[in-house]
Amino acid sequence: MEEFKFAIKKVLPISFAYIFIGVAFGILMKEVGYGPLWSFLSALLIYGGSIQILMVGFLKNHTPLFSIFLISLFVNSRYIFYGLTHIDEFKKIKKESCLKYIFLVLTLTDEVYSVFTSSKIPNYLNRTKTMLWIAFIAYASWVLGCTVGGFISISIPGIDYVITEFFFLVMLSQLLLDKSYVPTTVGLFCSVAAFLLVGNNFILLAIIFSMLALLLLKKKLATNKGGKI
């Protein structure tokens with residue numbers, strides 16, 4: 001239980017955020033015609049905050065499945081790099097238990113990763129158990145929030161703007177932490193260009209444009225003092 005107590009202290013702020021954003025997601029799903037079962041299953045099986053929130057718009061606009069697949073691949077590809085940070089540790093866990101290894105890999109979100117890397121787990125605690133508790137509490141909080149939101153039938157004016165607000169906060173966080181305007185500027189111009197070219201289903205093209213632009217700018221920015229992307 002000591003591992004659980006340590007984990008709950010570290011992950012509690014994340015849990016509250018997951019529950020509230022999850023509730024908003026469940027409400028949005030219900031508004032576009034998908035009940036609590038769909039919210040529960042999407043949280044349980046997809047477990048991707050940003051891509052789940054985007055999924056509401058995809059379902060509403062009847063976005064083709066292939067486009068959803070490609071967007072999901074691009075948006076969630078960052079988790080590959082998170083996993084590389086813990087690859088040696090996860091290999092050791094895999095030897096101990098394949099199920100524990102699979103669970104930790106599939107529940108390694110942005111916030112859980114930040115807790116893993118920033119928290120110094122005391123030597124008297126079992127590190128694997130502590131990591132499992134941290135991942136499980138965050139996961140359960142998200143599933144709970146999404147499911148509860150799916151049961152809320154009341155119409156909340158402006159709830160659909162939670163998608164815009166969510167990504168605005170992500171952008172603002174990046175500006176404050178990285179102090180670089182390049183990703184935001186590139187994303188803005190590429191999104192506008194993609195929208196002018198293809199209309200409402202512009203997200204995939206905007207992502208492709210943004211990645212190509214950042215790849216072209218990467219070498220130049222790396223040579224500039226203090227340049228970041």
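Visitor: Which word fits A135, buried or exposed?
Guide: A note before we start: this is a predicted model, where local features need pLDDT of at least 70, side-chain atom pairs count only at pLDDT 80 or more, and totals for chains, interfaces and linings use all residues. Residues are numbered from 1 along each chain as its sequence is written, and side-chain values use heavy atoms, with hydrogens and water left out. Now to the labels: buried means under 20% relative accessible area, exposed over 50%, and partly exposed in between (1.4 Å probe, protein chains only). The relative accessibility of A135 is 0%, so A135 counts as buried.

Visitor: Where in the chain does A135 sit, and which residues does A135 touch?
Guide: Helices here are DSSP runs of H or I with at least four residues, strands are runs of E with at least two, and both are numbered from the N terminus. A135 belongs to helix α9, residues 127–150. Contact means heavy atoms within 4.5 Å. Leaving aside residues up to four places away in sequence, A135 touches Y47, F103, L104, T107 and V112.

Visitor: How are α8 and α9 arranged, roughly parallel or roughly antiparallel?
Guide: Axes are lines fitted to C-alpha atoms, for helices over the stretch in contact, and angles run from 0 to 180 degrees between N-to-C directions. The axes of α8 (residues 110–118) and α9 come within 10 Å and cross at roughly 150°. Angles under 35 degrees count as roughly parallel, over 145 as roughly antiparallel, 65 to 115 as roughly perpendicular and the rest as oblique. That crossing therefore makes α8 and α9 roughly antiparallel.

Visitor: How many residues of the contact of α8 with α9 are nonpolar?
Guide: From α8 come V112, V115 and F116, and from α9 come R127, M131, I134, A135 and A138. Ala, Val, Leu, Ile, Met, Phe, Trp, Tyr, Cys and Pro count as nonpolar, Asp, Glu, Lys and Arg as charged, and the others, Gly among them, as polar. One residue of this contact is charged and none is polar, which leaves the nonpolar count at seven.

Visitor: Which residues does S42 touch?
Guide: S42 lies in helix α2, residues 36–45. Its relative accessibility is 6%, so S42 counts as buried. Not counting residues up to four places away in sequence, S42 touches F25, Y47, Q52 and M55.

Visitor: How many disulfides does the whole structure have?
Guide: C146 has 0% relative accessibility and so counts as buried, and C190 is buried too, at 11%. A disulfide is a pair of cysteine sulfur atoms within 2.5 Å. Searching the whole structure for disulfides gives zero.
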